[in-house]
Amino acid sequence: MESFREAVDVTLFWEYRSLLLSGLAFNFYAWIGALVLVHVMGFSVCMMRLSRYRPLRVAGTAYAELFRNCPEYILLTWVHFVLPLVLSALLQIKLNFPPFVSAVLALGLAYSGYMVETYRSGIQAVPKGHIEAGRALGMSSFDITFRIVLPQAIRGVLPEMLNQMVSLFKATTLVSLIAVPDLLYNVVIVTQEEMRPLPLYTWAAIVYCAIIFSASTLVRKLTERWRSRGWA
Amino acid sequence: MDVWNTIILKNLHLFGEGLWVTAQISVIGFTVACVLGMASCLVRLYVRPLRIPATVLIEFCRNTPIYVQLLWVNYVWPDLFGWPQSFFAAGWMALALQSSGYLAETFRSGIEGIARGQVEAAHSLGMSPVRTFRSVVLPQALLNMAPSIMNQFLVLVKSSTLVSIIAVPDLMYQAMRLTAIWFQPIEILSFTAFLYILIVFCLSHAFKVYADRLRERFGLVLP
């Protein structure tokens with residue numbers, strides 16, 4: 001009972017609120033940075049996968065399979081420790097990634113693999129007749145993609161996309177492993193100073209849980225509304 | 001190539017040992033996750049007074065990052081519950097905790113997906129609730145859910161890399177240790193990444209083939 005009271009004691013966690021909050025900001029920065037990369041890579045590789053040229057299709061499929069099957073942690077260490085060395089050797093310059101850059105790169109790559117598939121399933125769900133109708137009206141293929149296919153495709157897979165964004169936020173805790181000072185990293189540092197792991201780790205778990213639970217509940221509510229309007 | 005010969009080939013047994021620990025922790029974690037997930041799902045669906053605690057538990061497991069749970073189980077549980085006493089146990093428990101939340105939701109959607117009329121038909125034939133669940137609801141639900149359950153296993157294998165942080169000597173741990181000793185991250189980490197990708201890729205394809213065959217064999221009509 002004593003240790004239970006210690007575990008839910010919030011005073012220590014509250015004492016370090018400014019440090020921990022600045023850590024949480026890093027979670028959000030990493031999230032937003034990775035999100036941009038996820039959508040850029042996800043969309044462009046999806047276009048490769050659906051291309052009419054076989055080499056592009058093969059490359060796109062390989063990209064998606066590679067990053068979907070790779071554990072995030074090893075990707076993170078690989079991008080942080082190996083990629084700079086490889087690039088330095090190739091480009092003949094001394095290159096070093098700051099931890100934050102590696103973190104954004106690794107998370108972005110890891111989740112873009114899933115996003116490729118999400119975009120693909122959305123695009124393939126658009127009825128062929130719509131594309132043919134666009135062509136019959138003399139629309140350019142650029143117009144067909146961006147004004148007919150994509151709006152419908154994204155509307156269809158928006159719930160899935162939002163869920164993946166929430167998972168991406170969950171994965172941002174991993175960035176503390178390469179010393180990006182996010183919330184969890186700061187919690188570990190404070191624990192080493194104060195030697196009181198019980199309240200710190202418990203409240204870190206509660207804070208993350210609260211944020212992610214609210215986000216996923218919001219996604220669910222929005223999704224229900226879209227479904228009732230016949231969108232998704 | 002020198003590095004390849006001196007480090008990777010000479011230490012292949014370390015990679016093997018790591019892989020064995022990864023396999024053990026994944027299988028134990030997943031088995032526990034299935035049991036916990038099924039239990040919390042059944043409590044949530046059928047035990048009225050405990051519905052809210054079960055829902056809170058499931059949502060907590062699903063919405064907390066695996067890394068946070070790992071540290072939480074490893075550092076807080078021994079003081080709180082007097083268990084786990086080893087890193088290995090903390091590792092599989094954390095993996096199981098995370099997956100149990102997802103599996104509970106999968107099981108629930110599978111069970112709720114069975115047509116109400118079938119349960120009523122079983123009742124009117126005089127089957128007891130347990131019998132109904134065991135021989136009418138569960139087999140169909142499991143068949144429906146097979147792909148998501150197998151997918152969750154792959155997620156767990158991928159998350160199992162994280163147990164290396166709490167010094168469980170899995171594949172990732174061996175790779176990081178060798179990197180620290182030899183300081184040749186290019187070969188060691190690339191080889192490890194390749195191993196993981198290969199394993200997860202093969203498992204996911206094997207599972208897909210297996211799930212499709214199961215569905216074909218039992219002639220499942222998808223809703």
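This is a short chat about a predicted model with chains A and B.

User: Let's start with chain A. How many helices and strands does it have?

Analyst: The model is predicted, so keep that in mind throughout. Chain A has 10 helices and 0 strands. From the N terminus on, its elements read α-α-α-α-α-α-α-α-α-α.

User: And what about chain B, how many of each?

Analyst: Chain B comes to 10 helices and 0 strands. Its order from the N terminus is α-α-α-α-α-α-α-α-α-α.

User: What box does each chain fill?

Analyst: For chain A, the C-alpha trace spans about 75 × 55 × 25 Å along the principal axes. For chain B, the C-alpha atoms fill a box of roughly 75 × 45 × 20 Å.

User: How much of each chain is buried?

Analyst: In chain A, 45% of the 232 residues are buried. In chain B, the share is 49% of 223 residues.

User: What about the surface? How much is there, and what share comes from carbon and sulfur?

Analyst: Chain A has an accessible surface of about 11,800 Å², and 66% of that belongs to carbon and sulfur atoms. Chain B exposes about 11,100 Å², with carbon and sulfur atoms supplying 67%.

User: Now contacts. What share joins residues 24 or more positions apart?

Analyst: Take contacts between residues at least 6 apart in sequence. In chain A, 76% of them join residues at least 24 apart. In chain B, the figure is 74% for contacts with a separation of 6 or more.

User: Switching to charges. How many positive and negative ones are there, and how far apart are their centres?

Analyst: Chain A carries 20 positive and 14 negative side chains, and the centres of the two sets lie 15 Å apart. Chain B has 15 positive and 11 negative charges, with mean positions 11 Å apart.

User: Let's look for holes. How many cavities of 30 Å³ or more are there?

Analyst: The count is 1 cavity of 30 Å³ or more. The largest cavity holds about 30 Å³ of space.

User: Which residues line the largest cavity?

Analyst: The lining is A:Leu35, A:Val38, A:Tyr111, A:Met115, A:Gln164, A:Met165 and A:Leu168. Helix H3 (17–49), H6 and H8 of chain A each give at least two residues to that lining.

User: Which helix gives the largest share?

Analyst: H8(A) does, with 3 residues.

User: And the second largest pocket, how much space is in it?

Analyst: About 640 Å³ lies in the second largest pocket. Its residues come in good part from a few elements: helix H6 (99–124), helix H7 (128–136) and helix H8 (141–171) of chain A each give two or more residues to the lining.

User: How many residues line the second largest pocket, and which lie nearest its centre?

Analyst: The lining has 17 residues. Nearest the centre are A:Leu50, A:Ile131, A:Arg135, A:Thr145 and A:Val149.

User: Single residues next. Where is B:Thr106 found?

Analyst: B:Thr106 is in helix H6 (residues 87–112) of chain B.

User: Why does B:Thr106 count as buried?

Analyst: Because its relative accessibility is 16%, and buried means under 20%.

User: What is B:Thr106 in contact with, beyond its neighbours within four places in sequence?

Analyst: B:Thr106 is in contact with B:Met145, B:Ser148 and B:Ile149.

User: How far is B:Thr106 from B:Ile186?

Analyst: Their C-alpha atoms are separated by 39 Å, and the two residues are 80 apart along the chain.

User: Is A:Ala62 buried, exposed or partly exposed, and where is it?

Analyst: A:Ala62 is in helix H4 (residues 54–69) of chain A. It counts as partly exposed, at 44% relative accessibility. A:Ala62 and A:Asp182 are 120 residues apart in sequence and 32 Å apart in space, C-alpha to C-alpha.

User: Backbone quirks now. Which residues does a cis peptide bond join?

Analyst: B:Trp83 and B:Pro84, with omega about -5°. B:Pro84 sits in the loop between helix H5 (77–81) and H6 of chain B.

User: What is phi for A:Gln92, and where does that residue sit?

Analyst: A:Gln92 has a positive phi of about 60°, although it is not a glycine. Its place is the loop between helix H5 (72–91) and H6 of chain A. A:Gln92 is exposed, with a relative accessible area of 68%.

User: And what is phi for B:Ala167?

Analyst: Phi of B:Ala167 is near 65°, a positive value in a residue other than glycine. B:Ala167 lies in the loop between helix H8 (129–159) and helix H9 (171–182) of chain B. At 36% relative accessibility, B:Ala167 is partly exposed.

Notes. Residues are numbered from 1 along each chain as its sequence is written. Chains are lettered from A and ligands numbered from 1 in the order in which they are written. This is a predicted model: local features need pLDDT of at least 70, side-chain atom pairs count only at pLDDT 80 or more; totals for chains, interfaces and linings use all residues. Side-chain values use heavy atoms; hydrogens and water are left out. Helices (H or I, at least four residues) and strands (E, at least two) are DSSP runs, numbered from the N terminus. Buried means under 20% relative accessible area, exposed over 50%, partly exposed in between (1.4 Å probe, protein chains only). Contact means heavy atoms within 4.5 Å. Accessible areas come from the Shrake-Rupley method with a 1.4 Å probe; for residues, only the protein chains shown count as cover. Lys and Arg count as positive and Asp and Glu as negative; His and the chain ends are not counted. The place of a charge is taken as NZ of Lys, CZ of Arg, CG of Asp or CD of Glu. On a 1 Å grid over the protein atoms alone, a cavity is a set of points where a 1.4 Å probe fits but cannot get out, and a pocket is an open set with protein on both sides within 12 Å along at least five of seven lines; lining residues have an atom within 4 Å of a point. Grid points are joined across faces, edges and corners, and a volume is the space filled by probe spheres set on the points.
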